[in-house]
Amino acid sequence: MAEYLAVLREGLIELAGPPGQEAARDPGRLRALLQHLEEVREWNRLVNLTGITDLGEMVVKHTLDSAALLGRVPVSPGMRVLDVGTGAGFPGVVLGLLVPGVRLSLLDSLQKRCRFLEHLCQVLWPGDREVEVLWGRAEEWGHRPGYREAYDLVTARAVAEMRVLAELCLPFVRVGGRFVALKGPGGRQEVAEAARALATLGGEVTGLWEVTLPAGAGERLLVEVTKVRPTPALYPRRPGVPEKRPL
Ligand code: SAM
């Protein structure tokens, strides 16, 4: 366990900005980040949550990959944050643990994954913390009052290509807020192809940052899109349509 802890602590200091540096000094928070991974491994026997099951690899490819967003994008207590297609809670749960006090929504279309997330929230944030699990499709939740144009920050990792993601995520962002996609090295091409979609949906690319993960785990690209205009009421289109006919 001590070796994973060292990799986690060093990675947080290097990649995750002030919240990472603070967490690296806080044994409780480090423990919670590892507990998240332990819960994923435990539940992964019954519910398909991840293909990566080695704890050392999970620390780098799941937790630190998620945390790296904080090295570039300021996230502070009180902010409303939504993670679309969160799966086992990446990056949403990691952000929630690193920035206590964020108002976190975790959205996924698979009911079994949402059951896991409900359990995880009970374990990590027992009591009345402002964390909610939303089961369903982004195409539907994105039209609901209280959710549409209501978030300061919307994140997504490994959910869809950028044109599709823009339609799933931007409707949730308030004007002036941000949508951040965690992408692989092919992200730049996707961003170029999404120019029209972003303009249609009211977004503008305001940041593109490369991240090198430790332990030779590869390169990532963080894409920040700022919402500059409201999204037309037509979007998102019906479930499945954004993917079938990307903007
Ligand atoms: N973000 C997590 C990660 O990086 O480990 C999970 C990635 S997993 C490959 C994609 C997740 O997005 C799945 O859990 C899937 O159920 C969810 N998803 C895909 N399309 C969605 C949609 N339209 N609305 C809500 N969730 C969706």
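Why is helix H8 largely enclosed by the rest of the structure? Seven of the eight residues of H8 are buried, so the helix is largely enclosed by what surrounds it. Buried here means under 20% relative accessible area, exposed means over 50%, and partly exposed lies in between (1.4 Å probe, protein chains only). The buried residues are Met-162, Val-164, Leu-165, Ala-166, Glu-167, Leu-168 and Cys-169.

The model is predicted, so local features need pLDDT of at least 70 and side-chain atom pairs count only at pLDDT 80 or more, whereas totals for chains, interfaces and linings use all residues. Residues are numbered from 1 along each chain as its sequence is written, and side-chain values use heavy atoms, with hydrogens and water left out.

The surroundings of H8 include a sheet. Seven strands form this open sheet in the order S3-S2-S1-S4-S5-S7-S6, with mixed pairing. Helices (H or I, at least four residues) and strands (E, at least two) are DSSP runs numbered from the N terminus, and two strands pair if DSSP finds at least two bridges between them. Strand S3 (131-135) and strand S6 (203-212) are the edge strands, each pairing on one side only. On average, neighbouring strands of the sheet are turned by 20 degrees against each other, direction ignored.

Within the sheet, strand S1 (residues 80-84) and strand S4 (residues 151-157) are paired in the parallel sense through three bridges, and Asp-83 stands opposite Thr-155 in S4. Strands S5 and S7, by contrast, pair in the antiparallel sense over six bridges; here Ala-181 stands opposite Val-223 in S7. S6 and S7 also run antiparallel, joined by nine bridges, and Glu-204 has Thr-226 in S7 as its bridge partner. These two strands form a hairpin with six residues between them, and Ala-215 in the turn has a positive phi of about 60 degrees. S7 is mostly covered, with seven of its nine residues buried.

Two helices can be placed against these strands. Helix H4 (residues 55-67) lies across S4, strand S5 (173-183) and strand S7 (219-227), running at about 150 degrees to S4. Helix H8 (residues 162-169) packs on the sheet and touches S1, S4, S5 and S7, its direction making about 145 degrees with that of S5. Axes are lines fitted to C-alpha atoms, for helices over the stretch in contact, and angles run from 0 to 180 degrees between N-to-C directions.

One of the buried residues of H8, Glu-167, leads to Arg-237, whose place is in the loop between S7 and helix H11 (241-244). Arg-237 is buried, with a relative accessible area of 15%. A polar contact of 2.8 Å joins the side chains of Arg-237 and Glu-167. Such a contact is a pair of N or O atoms within 3.5 Å; within protein, one must be able to donate a hydrogen and the other to accept it, and residues adjacent in sequence count only if both atoms are side-chain atoms. The side chain of Arg-237 also reaches the backbone oxygen of Arg-245 at 2.7 Å.

The ligand remains to be described. A backbone N or O atom of Gly-85 lies 2.8 Å from a nitrogen atom of the ligand, and a backbone N or O atom of Ala-138 lies 2.9 Å from a ligand nitrogen atom. In the side chain of Arg-157, an N or O atom is 2.6 Å from an oxygen atom of the ligand.

How values were computed
Contact = heavy atoms within 4.5 Å.
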